[in-house]
Amino acid sequence: LFCSHHNLMHQVINELDSALVEFMNACFLDGDGGFVGSRLIAALSYVRPELGRPRDLQIPRAKQALRGWKRLAPGFSRLPLPLEVVCGLAMLMLSEGQWAEAVAVLLSVVFYLRPGELARLLVRSLVP
């Protein structure tokens, strides 16, 4: 969408590299974090698998722009949701009959679980 809006061609790899740099510059100037660029490169690798894995892509200017972007706008931690909000979400899920989801939300907050850890959690993993 960005490429078509700004009349940037993206069929040739050099033009694709230039279009990516233009997009990254626009995102950086809009105040977006470097994670946006990382997701962009990962999405490009997914959509155009013939270009290779993200670290193997032949887009040197875009990779350099991403490195600079991450250096100038480093990532940051986000504050967790207040416990009252999490409990409210769980109560809303319970009122909709989503018991397993409500328990999953509460367990993930209480035990600081990552989504993958929560997905692998078994009943026998819990100690009374």
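**A chat about helices, a core and a loop**

Reader: Hi! Where does Gly-31 lie?
Author: Hello! This is a predicted model, and in it Gly-31 sits in the loop between helix 2 and helix 3.

Reader: Is Gly-31 buried or exposed there?
Author: Gly-31 is exposed: its relative accessible area is 61%, and the cut-off for exposed is over 50%.

Reader: And how are Gly-31 and Ala-73 placed, along the chain and in space?
Author: They are 42 residues apart along the chain, while their C-alpha atoms are separated by 8.4 Å.

Reader: Cool. Now the core: which residues touch the most other members of the largest nonpolar core?
Author: Those are Met-24, Leu-44 and Ile-59, in a core of 15 residues. Helix 2 (13–29), helix 3 (34–47) and helix 4 (60–72) are the elements that give two or more residues to this core. Helix 2 provides the largest share, 5 residues.

Reader: What does Leu-44 touch?
Author: Leaving out residues up to four places away in sequence, Leu-44 touches Leu-16, Leu-20, Leu-51, Leu-57 and Ile-59.

Reader: New topic, helix 6! Which of its residues are buried?
Author: Ala-102, Leu-107 and Ser-108 are buried in helix 6. The buried residues of this helix pack against helix 5 (83–95) and helix 7 (115–119).

Reader: What span should helix 6 have?
Author: With 12 residues (99–110) at 1.5 Å a residue, helix 6 should span 16 Å. Its end C-alpha atoms are 17 Å apart, so the two values agree.

Reader: And what follows helix 6?
Author: Tyr-112 follows helix 6, and its phi is positive, near 50 degrees.

How values were computed:
Residues numbered from 1 in each chain as written. Predicted model: local features only at pLDDT ≥ 70, side-chain atom pairs only at ≥ 80, totals over all residues. Heavy atoms only, no water. Core = buried A, V, L, I, M, F, W, Y, C linked by side-chain atoms within 4.5 Å. Buried < 20%, exposed > 50% of the residue type's maximum accessible area, 1.4 Å probe, protein only. Helix = DSSP H or I, 4+ residues; strand = E, 2+ residues; numbered from the N terminus. Contact = heavy atoms within 4.5 Å. Expected span 1.5 Å × (residues − 1).
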